[in-house]
Amino acid sequence: MTALTWGLLLLLGLIWGGSFFFARIAVHYVPPFTLVFLRLSLAAMALHAYIAGRFAIYDLLRTHWRQFLLLGLINNAVPHALIFVGQTQMGAGLASILNATTPIWTVLIGNHFTTDERLTSAKLAGCLTGLIGTVVLIGPSVTSGAEVPFWALLLPILAAISYGFAAIYAKRFKGMAPPVIAAGQLTCSAALILPVALLLDQPFALATPPASALAAILGMALLSTAFAYILYFRIMALSGATNASLVTLLVPPSAILLGFLFLGEQLGITEIAGMLLIGAGLLILDGRLYTRMRPNSRTSAQSLDHRQD
(Lines give C-alpha, C1' and ligand atoms only; values in the text may rest on other atoms or scores of the structure.)
Protein backbone atom coordinates (compact mmCIF):
# COMPACT_ATOMS: atom_id res chain seq x y z
CA MET A 1 0.00 0.00 0.00
CA THR A 2 1.09 3.56 -0.65
CA ALA A 3 1.68 6.20 2.02
CA LEU A 4 -1.69 7.75 1.14
CA THR A 5 -3.49 4.45 1.67
CA TRP A 6 -1.75 3.91 5.01
CA GLY A 7 -2.76 7.40 6.10
CA LEU A 8 -6.39 6.76 5.19
CA LEU A 9 -6.25 3.42 6.99
CA LEU A 10 -4.90 5.02 10.18
CA LEU A 11 -7.58 7.71 10.09
CA LEU A 12 -10.31 5.13 9.54
CA GLY A 13 -9.02 3.02 12.44
CA LEU A 14 -9.27 6.03 14.75
CA ILE A 15 -12.79 6.88 13.56
CA TRP A 16 -14.13 3.34 13.78
CA GLY A 17 -12.60 2.94 17.22
CA GLY A 18 -14.76 5.89 18.18
CA SER A 19 -17.88 4.05 16.99
CA PHE A 20 -17.50 1.45 19.78
CA PHE A 21 -17.05 4.28 22.27
CA PHE A 22 -20.14 6.12 21.01
CA ALA A 23 -22.19 2.92 21.00
CA ARG A 24 -21.27 2.08 24.58
CA ILE A 25 -22.67 5.45 25.67
CA ALA A 26 -25.83 5.39 23.56
CA VAL A 27 -26.85 1.76 24.13
CA HIS A 28 -27.64 2.54 27.78
CA TYR A 29 -30.49 4.81 26.67
CA VAL A 30 -31.53 3.57 23.20
CA PRO A 31 -32.41 -0.08 22.37
CA PRO A 32 -29.98 -1.80 19.96
CA PHE A 33 -32.18 -2.04 16.85
CA THR A 34 -33.39 1.54 17.19
CA LEU A 35 -29.78 2.62 17.63
CA VAL A 36 -28.84 0.78 14.44
CA PHE A 37 -31.65 2.51 12.54
CA LEU A 38 -30.64 5.95 13.82
CA ARG A 39 -27.01 5.35 12.93
CA LEU A 40 -27.78 4.12 9.41
CA SER A 41 -30.58 6.53 8.51
CA LEU A 42 -28.77 9.67 9.72
CA ALA A 43 -25.61 8.59 7.92
CA ALA A 44 -27.56 7.88 4.74
CA MET A 45 -29.20 11.31 4.81
CA ALA A 46 -25.84 12.99 5.37
CA LEU A 47 -24.32 11.16 2.41
CA HIS A 48 -27.23 12.00 0.12
CA ALA A 49 -26.85 15.66 1.08
CA TYR A 50 -23.11 15.44 0.39
CA ILE A 51 -23.56 13.75 -2.99
CA ALA A 52 -26.41 16.07 -4.04
CA GLY A 53 -27.33 13.93 -7.04
CA ARG A 54 -23.78 13.60 -8.39
CA PHE A 55 -22.13 10.41 -9.67
CA ALA A 56 -25.44 9.31 -11.25
CA ILE A 57 -26.43 8.01 -7.84
CA TYR A 58 -30.16 7.71 -8.48
CA ASP A 59 -29.65 5.78 -11.71
CA LEU A 60 -27.29 3.42 -9.90
CA LEU A 61 -29.70 2.97 -6.99
CA ARG A 62 -32.46 2.10 -9.43
CA THR A 63 -30.40 -0.39 -11.43
CA HIS A 64 -28.39 -1.93 -8.56
CA TRP A 65 -30.89 -1.85 -5.70
CA ARG A 66 -30.72 -5.61 -5.16
CA GLN A 67 -26.92 -5.52 -4.80
CA PHE A 68 -27.12 -2.54 -2.45
CA LEU A 69 -29.80 -4.31 -0.42
CA LEU A 70 -27.63 -7.38 0.10
CA LEU A 71 -24.54 -5.31 0.88
CA GLY A 72 -26.51 -3.21 3.34
CA LEU A 73 -27.78 -6.35 5.04
CA ILE A 74 -24.41 -8.05 5.58
CA ASN A 75 -22.26 -4.93 5.98
CA ASN A 76 -24.57 -2.77 8.11
CA ALA A 77 -27.86 -4.08 9.42
CA VAL A 78 -26.77 -7.51 10.66
CA PRO A 79 -23.28 -6.73 12.05
CA HIS A 80 -24.27 -3.43 13.67
CA ALA A 81 -27.23 -5.08 15.40
CA LEU A 82 -25.06 -7.95 16.64
CA ILE A 83 -22.37 -5.61 18.00
CA PHE A 84 -24.85 -3.27 19.71
CA VAL A 85 -26.66 -6.16 21.42
CA GLY A 86 -23.28 -7.50 22.52
CA GLN A 87 -22.26 -4.11 23.87
CA THR A 88 -25.15 -4.17 26.30
CA GLN A 89 -23.01 -6.76 28.13
CA MET A 90 -19.41 -5.66 27.43
CA GLY A 91 -17.20 -2.60 27.06
CA ALA A 92 -16.04 -0.86 23.92
CA GLY A 93 -12.52 -2.30 24.11
CA LEU A 94 -13.50 -5.97 24.29
CA ALA A 95 -16.11 -5.60 21.54
CA SER A 96 -13.55 -3.96 19.26
CA ILE A 97 -10.98 -6.71 19.92
CA LEU A 98 -13.45 -9.44 18.96
CA ASN A 99 -14.41 -7.44 15.88
CA ALA A 100 -10.72 -7.31 14.95
CA THR A 101 -11.02 -10.91 13.74
CA THR A 102 -12.67 -9.55 10.55
CA PRO A 103 -9.54 -9.94 8.33
CA ILE A 104 -9.23 -13.57 9.41
CA TRP A 105 -12.75 -14.38 8.25
CA THR A 106 -12.23 -12.24 5.12
CA VAL A 107 -9.22 -14.35 4.12
CA LEU A 108 -10.99 -17.65 4.80
CA ILE A 109 -14.11 -16.57 2.92
CA GLY A 110 -12.09 -15.05 0.08
CA ASN A 111 -10.13 -18.29 -0.32
CA HIS A 112 -13.36 -20.21 -0.80
CA PHE A 113 -15.30 -17.80 -3.00
CA THR A 114 -12.66 -15.95 -5.06
CA THR A 115 -9.65 -16.72 -7.22
CA ASP A 116 -7.51 -13.67 -6.39
CA GLU A 117 -7.60 -13.91 -2.56
CA ARG A 118 -6.07 -17.37 -2.18
CA LEU A 119 -4.90 -18.84 1.11
CA THR A 120 -1.10 -18.96 1.44
CA SER A 121 1.02 -20.49 4.20
CA ALA A 122 1.55 -17.04 5.76
CA LYS A 123 -2.18 -16.31 5.66
CA LEU A 124 -2.95 -19.70 7.16
CA ALA A 125 -0.47 -19.08 10.01
CA GLY A 126 -1.99 -15.65 10.61
CA CYS A 127 -5.52 -17.04 10.66
CA LEU A 128 -4.59 -19.76 13.15
CA THR A 129 -2.81 -17.30 15.44
CA GLY A 130 -5.76 -14.93 15.37
CA LEU A 131 -8.24 -17.73 16.02
CA ILE A 132 -6.19 -18.85 19.03
CA GLY A 133 -6.45 -15.29 20.34
CA THR A 134 -10.22 -15.44 19.88
CA VAL A 135 -10.40 -18.70 21.83
CA VAL A 136 -8.36 -17.10 24.63
CA LEU A 137 -10.89 -14.26 24.79
CA ILE A 138 -14.06 -16.35 24.89
CA GLY A 139 -12.61 -19.29 26.83
CA PRO A 140 -13.26 -17.97 30.37
CA SER A 141 -16.96 -17.47 29.62
CA VAL A 142 -17.20 -21.17 28.72
CA THR A 143 -15.13 -22.63 31.56
CA SER A 144 -16.18 -20.33 34.40
CA GLY A 145 -18.68 -17.71 35.42
CA ALA A 146 -17.16 -14.77 33.56
CA GLU A 147 -18.69 -11.31 33.78
CA VAL A 148 -19.56 -11.25 30.08
CA PRO A 149 -21.84 -14.14 29.01
CA PHE A 150 -20.73 -16.46 26.23
CA TRP A 151 -23.59 -15.51 23.90
CA ALA A 152 -22.61 -11.83 24.10
CA LEU A 153 -18.99 -12.61 23.20
CA LEU A 154 -20.14 -14.57 20.16
CA LEU A 155 -22.10 -11.65 18.70
CA PRO A 156 -19.11 -9.45 17.68
CA ILE A 157 -17.47 -12.56 16.19
CA LEU A 158 -20.59 -13.28 14.12
CA ALA A 159 -20.55 -9.61 13.12
CA ALA A 160 -16.93 -9.99 12.00
CA ILE A 161 -17.89 -13.00 9.86
CA SER A 162 -20.67 -10.93 8.28
CA TYR A 163 -18.15 -8.16 7.57
CA GLY A 164 -15.90 -10.76 5.94
CA PHE A 165 -18.64 -11.79 3.50
CA ALA A 166 -19.40 -8.10 2.86
CA ALA A 167 -15.76 -7.28 2.07
CA ILE A 168 -15.65 -9.99 -0.59
CA TYR A 169 -19.09 -9.15 -1.99
CA ALA A 170 -18.24 -5.42 -2.17
CA LYS A 171 -15.55 -6.15 -4.76
CA ARG A 172 -18.28 -6.27 -7.41
CA PHE A 173 -18.83 -2.53 -6.85
CA LYS A 174 -15.34 -1.76 -8.16
CA GLY A 175 -15.37 1.32 -10.37
CA MET A 176 -18.35 2.87 -8.60
CA ALA A 177 -17.76 6.11 -6.67
CA PRO A 178 -17.14 5.35 -2.96
CA PRO A 179 -19.78 7.87 -1.74
CA VAL A 180 -22.39 6.15 -3.92
CA ILE A 181 -21.54 2.71 -2.54
CA ALA A 182 -21.71 4.03 1.01
CA ALA A 183 -24.99 5.91 0.45
CA GLY A 184 -26.57 2.99 -1.40
CA GLN A 185 -25.84 0.39 1.24
CA LEU A 186 -26.80 2.69 4.12
CA THR A 187 -30.10 3.67 2.49
CA CYS A 188 -31.06 0.04 1.94
CA SER A 189 -29.90 -1.16 5.34
CA ALA A 190 -31.84 1.62 7.10
CA ALA A 191 -34.98 0.51 5.27
CA LEU A 192 -34.30 -3.10 6.29
CA ILE A 193 -33.80 -2.40 10.00
CA LEU A 194 -36.71 0.06 10.42
CA PRO A 195 -39.53 -2.54 10.71
CA VAL A 196 -37.38 -4.62 13.07
CA ALA A 197 -36.80 -1.62 15.33
CA LEU A 198 -40.49 -0.66 15.29
CA LEU A 199 -41.59 -4.21 16.11
CA LEU A 200 -39.03 -5.16 18.76
CA ASP A 201 -38.01 -1.86 20.38
CA GLN A 202 -41.20 0.22 20.01
CA PRO A 203 -39.12 3.43 19.98
CA PHE A 204 -42.20 5.66 19.96
CA ALA A 205 -42.72 4.73 23.63
CA LEU A 206 -39.17 5.53 24.74
CA ALA A 207 -38.15 8.52 26.83
CA THR A 208 -35.99 11.19 25.20
CA PRO A 209 -32.31 10.25 25.62
CA PRO A 210 -29.99 12.67 27.45
CA ALA A 211 -27.73 15.07 25.58
CA SER A 212 -24.72 12.76 25.94
CA ALA A 213 -26.54 9.92 24.19
CA LEU A 214 -27.79 12.21 21.42
CA ALA A 215 -24.26 13.51 20.85
CA ALA A 216 -22.95 9.93 20.76
CA ILE A 217 -25.58 8.97 18.16
CA LEU A 218 -24.67 11.94 15.96
CA GLY A 219 -20.95 11.18 16.27
CA MET A 220 -21.54 7.53 15.43
CA ALA A 221 -23.77 8.34 12.44
CA LEU A 222 -21.95 11.27 10.84
CA LEU A 223 -18.31 10.62 11.71
CA SER A 224 -18.03 6.87 12.34
CA THR A 225 -20.47 5.84 9.59
CA ALA A 226 -21.05 8.38 6.80
CA PHE A 227 -17.50 9.71 6.61
CA ALA A 228 -15.94 6.39 7.60
CA TYR A 229 -17.58 4.42 4.80
CA ILE A 230 -16.35 6.89 2.19
CA LEU A 231 -12.85 6.25 3.50
CA TYR A 232 -13.40 2.47 3.64
CA PHE A 233 -14.53 2.07 0.05
CA ARG A 234 -11.78 4.43 -1.10
CA ILE A 235 -9.19 2.21 0.61
CA MET A 236 -10.79 -0.90 -0.87
CA ALA A 237 -10.59 0.63 -4.36
CA LEU A 238 -6.93 1.45 -3.82
CA SER A 239 -5.69 -1.74 -2.19
CA GLY A 240 -8.27 -4.54 -2.19
CA ALA A 241 -10.64 -6.22 0.29
CA THR A 242 -8.06 -7.89 2.52
CA ASN A 243 -5.96 -4.74 2.93
CA ALA A 244 -9.07 -2.68 3.67
CA SER A 245 -10.14 -5.13 6.37
CA LEU A 246 -6.79 -4.58 8.14
CA VAL A 247 -8.35 -1.44 9.60
CA THR A 248 -9.68 -3.67 12.38
CA LEU A 249 -6.07 -4.03 13.60
CA LEU A 250 -6.11 -0.29 14.33
CA VAL A 251 -9.61 -0.08 15.82
CA PRO A 252 -9.02 -1.77 19.24
CA PRO A 253 -6.26 0.61 20.44
CA SER A 254 -8.50 3.57 19.64
CA ALA A 255 -11.57 2.05 21.31
CA ILE A 256 -9.57 0.90 24.34
CA LEU A 257 -7.99 4.33 24.83
CA LEU A 258 -11.33 6.14 24.58
CA GLY A 259 -12.99 3.63 26.90
CA PHE A 260 -10.18 3.99 29.43
CA LEU A 261 -10.10 7.81 29.34
CA PHE A 262 -13.83 8.53 29.37
CA LEU A 263 -15.70 5.39 30.51
CA GLY A 264 -13.30 3.96 33.09
CA GLU A 265 -12.97 0.65 31.23
CA GLN A 266 -10.00 -1.61 31.87
CA LEU A 267 -8.86 -4.87 30.29
CA GLY A 268 -7.76 -7.93 32.25
CA ILE A 269 -4.79 -10.14 31.45
CA THR A 270 -6.96 -12.50 29.37
CA GLU A 271 -8.26 -9.69 27.18
CA ILE A 272 -4.75 -8.27 26.70
CA ALA A 273 -3.36 -11.71 25.79
CA GLY A 274 -6.18 -12.28 23.30
CA MET A 275 -5.64 -8.86 21.74
CA LEU A 276 -1.92 -9.47 21.34
CA LEU A 277 -2.51 -12.86 19.70
CA ILE A 278 -5.10 -11.42 17.31
CA GLY A 279 -2.76 -8.52 16.53
CA ALA A 280 0.11 -10.94 15.86
CA GLY A 281 -2.16 -12.97 13.61
CA LEU A 282 -3.10 -9.90 11.60
CA LEU A 283 0.54 -8.90 11.21
CA ILE A 284 1.39 -12.39 9.95
CA LEU A 285 -1.66 -12.27 7.70
CA ASP A 286 -0.56 -8.95 6.27
CA GLY A 287 2.87 -10.36 5.35
CA ARG A 288 4.65 -7.01 5.11
CA LEU A 289 7.11 -7.75 7.91
CA TYR A 290 8.10 -11.01 6.22
CA THR A 291 8.50 -9.26 2.87
CA ARG A 292 10.68 -6.53 4.40
CA MET A 293 12.87 -9.10 6.11
CA ARG A 294 13.53 -11.18 2.99
CA PRO A 295 15.93 -8.75 1.24
CA ASN A 296 17.95 -8.46 4.45
CA SER A 297 18.13 -12.23 4.63
CA ARG A 298 19.35 -12.48 1.04
CA THR A 299 21.89 -9.70 1.66
CA SER A 300 23.21 -11.50 4.73
CA ALA A 301 23.50 -14.75 2.78
CA GLN A 302 25.38 -13.03 -0.05
CA SER A 303 27.77 -11.38 2.43
CA LEU A 304 28.45 -14.75 4.01
CA ASP A 305 29.21 -16.24 0.59
CA HIS A 306 31.69 -13.43 -0.15
CA ARG A 307 33.44 -13.93 3.15
CA GLN A 308 33.72 -17.67 2.47
CA ASP A 309 35.21 -16.94 -0.98
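Helices here are DSSP runs of H or I that span at least four residues, numbered from the N terminus, and with that in mind the tour of this predicted model can begin at L158, which lies in helix α8, covering residues 150–169. Select L158 and show its surface: the residue counts as partly exposed, because its relative accessibility is 44%. Then add I83 to the selection, which is 75 residues away from L158 along the chain, although the C-alpha atoms of the two are separated by 8.8 Å.

Next, go to helix α2, where S41 lies. With a relative accessibility of 12%, S41 counts as buried, and if you display its side chain together with the backbone of F37, you will find that the side chain of S41 reaches the backbone oxygen of F37 at 2.7 Å.

From there, select Y50 and R54, where the charged end of R54 sits over the ring of Y50, at 5.2 Å from the centre of that ring. Now select F55, which is found in the loop between α2 (32–51) and α3 (57–63). F55 has a positive phi of about 60° although it is not a glycine, and its relative accessible area of 39% makes it partly exposed.

A second residue of this kind is Q202, whose phi is positive at about 45° although Q202 is not a glycine either. Look for Q202 in the loop between α9 (178–200) and α10 (211–239), where its relative accessibility of 42% places it among the partly exposed residues.

The aromatic rings come next, and the count of aromatic pairs in the model comes to ten. One of them joins Y169 and F173, whose ring centres are 6.0 Å apart and whose planes meet at 70°, so the pair is edge-to-face; Y169 and F173 are both buried. Another pair is that of Y229 and Y232, with ring centres 6.4 Å apart and planes at 80°, so this pair is also edge-to-face. Both Y229 and Y232 lie in helix α10, three residues apart, which is about one turn of the helix, and both are buried. Add W16 and F233 to the selection, and you have the one aromatic cluster that W16, Y229, Y232 and F233 form.

Finish with a surface view of L257, F260, L261, F262 and L263, which make a nonpolar surface patch of about 520 Å². Within that group, select F262, which lies in helix α12 (residues 247–263) and counts as exposed, with a relative accessibility of 57%.

How values were computed: Residues are numbered from 1 along each chain as its sequence is written. Side-chain values use heavy atoms; hydrogens and water are left out. Helices (H or I, at least four residues) and strands (E, at least two) are DSSP runs, numbered from the N terminus. Buried means under 20% relative accessible area, exposed over 50%, partly exposed in between (1.4 Å probe, protein chains only). A polar contact is a pair of N or O atoms within 3.5 Å; within protein, one must be able to donate a hydrogen and the other to accept it, and residues adjacent in sequence count only if both atoms are side-chain atoms. Patches are made of residues with over 30% relative accessible area and no salt bridge: like charges are joined within 9 Å, nonpolar side chains (Val, Leu, Ile, Met, Phe, Trp, Tyr) within 5 Å. Accessible areas come from the Shrake-Rupley method with a 1.4 Å probe; for residues, only the protein chains shown count as cover. A salt bridge is a side-chain nitrogen of Lys or Arg within 4 Å of a carboxyl oxygen of Asp or Glu. Rings of Phe, Tyr and Trp (its six-membered ring) pair if their centres lie within 6.5 Å; planes under 30 degrees apart count as stacked, over 60 as edge-to-face and the rest as tilted. A charge sits over a ring if NZ of Lys or CZ of Arg is within 6 Å of the ring centre and within 35 degrees of the ring normal.
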